[in-house]
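Reader: Hi! I'm new to this one and would love a quick tour. Could you show me what we're looking at?

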Amino acid sequence: MHEDSAHYPPVDPVRAGIKGLCPRCGQGRLFNGLMTLRPACTVCGLDYGFAEPGDGPVVFVAILAGAIVLGGALWLQARFDPPLWVHFLLWTPLAAFVTLGLTRMIKGVLIDLQYRNKAGQGEIDRG
């Protein structure tokens, strides 16, 4: 990552990531559409080439969404004992919305944290 020569007020990476905002200026958008990362910030010009969240967001989402949906389904089954089609109609759309919403937010937070902590590709020290 290149050194940042511009002076910007500090941006909270969690708040900016959840909102999908630029990690440097906190004004520009981080995403084009739902999950596609923009090439650069439209406000401050920060190149998002450093951003590589990898599979991190998906792992967190699988754990969180699984706990929410499975916990809700188990509670509903134990409390009311509905037929299987009720579970299907209720939990399938909820799982889709929870995973899409959480993936975007967690991806934004991880990218903003990468910028804040100057995280980069791991290298072997052969020195």
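Author: Happy to! This is a predicted model. Let's start with helix H2, where Pro 57, Val 61, Ala 65, Val 69, Gly 72, Ala 73 and Leu 76 are buried.

Reader: What do those buried residues of H2 pack against?

Author: They pack against H3. There is a general pattern to keep in mind here: an α-helix has 3.6 residues a turn, so residues three or four places apart point the same way.

Reader: Nice. How far apart are the end C-alpha atoms of H2?

Author: They are 36 Å apart. That agrees with the expected span, because 25 residues (56-80) at 1.5 Å a residue should also give 36 Å.

Reader: And what comes just after H2?

Author: Asp 81, in the loop between H2 and H3. Asp 81 has a positive phi of about 50°, although it is not a glycine. Most residues other than glycine have a negative phi.

Reader: Is Asp 81 buried or exposed?

Author: Exposed: its relative accessible area is 55%, and the cut-off for exposed is over 50%.

Reader: Which other residue has a positive phi without being a glycine?

Author: Lys 118, also with a phi of about 50°. Lys 118 sits in the segment after H3 and counts as exposed, at 58% relative accessibility.

Reader: Let's switch to H3. Is His 87 buried or exposed?

Author: His 87, which belongs to helix H3, is buried because its relative accessible area is 12%, and buried means under 20%.

Reader: What does His 87 touch?

Author: Leaving aside residues up to four places away in sequence, His 87 touches Ala 73, Leu 76, Gln 77, Pro 82 and Thr 92. Of these, Ala 73 and Leu 76 are among the buried residues of H2.

Reader: How about Phe 88, buried or exposed?

Author: Phe 88 is in H3 (residues 84-116) and is exposed, at 56% relative accessibility. With Trp 85 and Leu 89, Phe 88 forms a nonpolar patch on the surface, with about 400 Å² of accessible area together.

Reader: Going inside now, how many residues are in the largest nonpolar core?

Author: It has 12 residues, including Cys 22, Cys 25, Cys 41, Cys 44, Phe 50, Ile 111 and Tyr 115. A second, separate core has five residues, among them Ala 65, Val 98, Leu 102 and Ile 106.

Reader: Tyr 48 is in the largest core too, right? What does Tyr 48 touch?

Author: Yes, Tyr 48 is part of that core. Beyond residues up to four places away in sequence, Tyr 48 touches several residues, including Cys 22, Leu 30, Leu 37, Pro 39 and Cys 41.

Technical notes. Residues are numbered from 1 along each chain as its sequence is written. This is a predicted model: local features need pLDDT of at least 70, side-chain atom pairs count only at pLDDT 80 or more; totals for chains, interfaces and linings use all residues. Side-chain values use heavy atoms; hydrogens and water are left out. Patches are made of residues with over 30% relative accessible area and no salt bridge: like charges are joined within 9 Å, nonpolar side chains (Val, Leu, Ile, Met, Phe, Trp, Tyr) within 5 Å. Accessible areas come from the Shrake-Rupley method with a 1.4 Å probe; for residues, only the protein chains shown count as cover. A salt bridge is a side-chain nitrogen of Lys or Arg within 4 Å of a carboxyl oxygen of Asp or Glu. Helices (H or I, at least four residues) and strands (E, at least two) are DSSP runs, numbered from the N terminus. Buried means under 20% relative accessible area, exposed over 50%, partly exposed in between (1.4 Å probe, protein chains only). Contact means heavy atoms within 4.5 Å. A nonpolar core is a set of buried Ala, Val, Leu, Ile, Met, Phe, Trp, Tyr and Cys residues joined through side-chain atoms within 4.5 Å. The expected span of a helix is 1.5 Å times one less than its number of residues.
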